[in-house]
Amino acid sequence: LIFSQKGGIWKIVNESDDISDLNKGRVTELHFAPETSVIEGLLEETTGFGKTPDGDPKSDAKEKYYIVWPTSPLDIYANPGARDGVNVKAVDKIQVTGDEAAITALLNKKVKVTGKIILGTGQHHFTRVVIESSSLEEIK
């Protein structure tokens with residue numbers, strides 16, 4: 001069993017009776033957009049507090065958003081020649097954006113998300129990095 005702490009709660013993120021599956025706990029290296037990335041993991045809905053345009057913390061709105069808990073930690077690197085050269089390491093959760101109907105249909109299931117990874121710097125971003133999904137499919 002491989003455990004990870006998610007939102008303050010310890011959860012099983014991978015289980016197997018095959019010793020070769022221990023490689024799934026190793027870091028996966030990906031790159032930021034424009035490269036397309038594929039992430040596998042558990043898809044869940046959670047809530048956060050979004051900022052208001054005037055920046056008043058007393059009126060922050062509660063927002064639902066979707067995250068994938070990857071089957072292994074992610075290191076996300078800047079593309080060669082990128083101006084900012086930002087690298088984000090040890091990512092254990094990533095916010096998923098895209099077709100909300102497709103996302104909600106797969107909640108609480110293991111999924112494969114294909115899309116472009118960006119830094120989570122926007123007003124409605126709740127994780128360090130975000131994947132803008134172009135497709136989602138259930139892993140059976």
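**Group meeting: strands, a core and one ring pair**

Okay, let's start with V130, which comes out buried, at 1% relative accessibility. Before I go on: this is a predicted model, so keep that in mind throughout.

Where does V130 sit? You'll find V130 in strand β10. If we skip the neighbours within four places in sequence, V130 is in contact with I94, Q95, T97, K116, I117, I118, G120 and H125. Also, take F32: that residue is 98 residues from V130 along the chain, and the two C-alpha atoms are 9.7 Å apart.

Now pick I117 out of that contact list. Again leaving out neighbours within four places in sequence, I117 has contacts with L30, H31, F32, A33, S37, I39, I76, I94, V129, V130 and I131. So F32 turns up here as a contact of I117, and V130 does too.

I117 also shows up in the largest nonpolar core, which has 21 residues. Which members touch the most other members? Those are I39, L43, V68, I76, V96, I117 and V129. As for where the core comes from, at least two residues each are supplied by β4, β5, β6 (74–77), β7 (88–91), β8 (94–97), β9 and β10. As background, nonpolar side chains in soluble globular proteins tend to be buried together.

Next, the strand pairing around β4. Strand β4 covers residues 36–50 and runs antiparallel to β9, residues 110–119, with seven bridges joining them. If you want one to click on, V38 has T114 in β9 as its bridge partner. β4 is also joined to β5, residues 61–70, and here there are 10 bridges, antiparallel again. On that side, look at G50, which stands opposite A61 in β5.

Last topic, the aromatics. How many aromatic pairs does the structure hold? Just one. The partners are Y65 and F126, and they're stacked, with 4.3 Å centre to centre and 15° between the planes. The pair brings together distant parts of the chain, 61 residues apart: Y65 belongs to strand β5, while F126 is in the loop between β9 and β10 (129–138).

Are those two rings' residues buried or exposed? Y65 has a relative accessible area of 9%, so it counts as buried. F126 is at 22%, and because buried means under 20%, F126 gets called partly exposed instead.

That's the tour, and I'm happy to pull any of these up on screen.

Note on methods:
Residues are numbered from 1 along each chain as its sequence is written. This is a predicted model: local features need pLDDT of at least 70, side-chain atom pairs count only at pLDDT 80 or more; totals for chains, interfaces and linings use all residues. Side-chain values use heavy atoms; hydrogens and water are left out. Two strands pair if DSSP finds at least two bridges between them. Helices (H or I, at least four residues) and strands (E, at least two) are DSSP runs, numbered from the N terminus. Rings of Phe, Tyr and Trp (its six-membered ring) pair if their centres lie within 6.5 Å; planes under 30 degrees apart count as stacked, over 60 as edge-to-face and the rest as tilted. Buried means under 20% relative accessible area, exposed over 50%, partly exposed in between (1.4 Å probe, protein chains only). A nonpolar core is a set of buried Ala, Val, Leu, Ile, Met, Phe, Trp, Tyr and Cys residues joined through side-chain atoms within 4.5 Å. Contact means heavy atoms within 4.5 Å.
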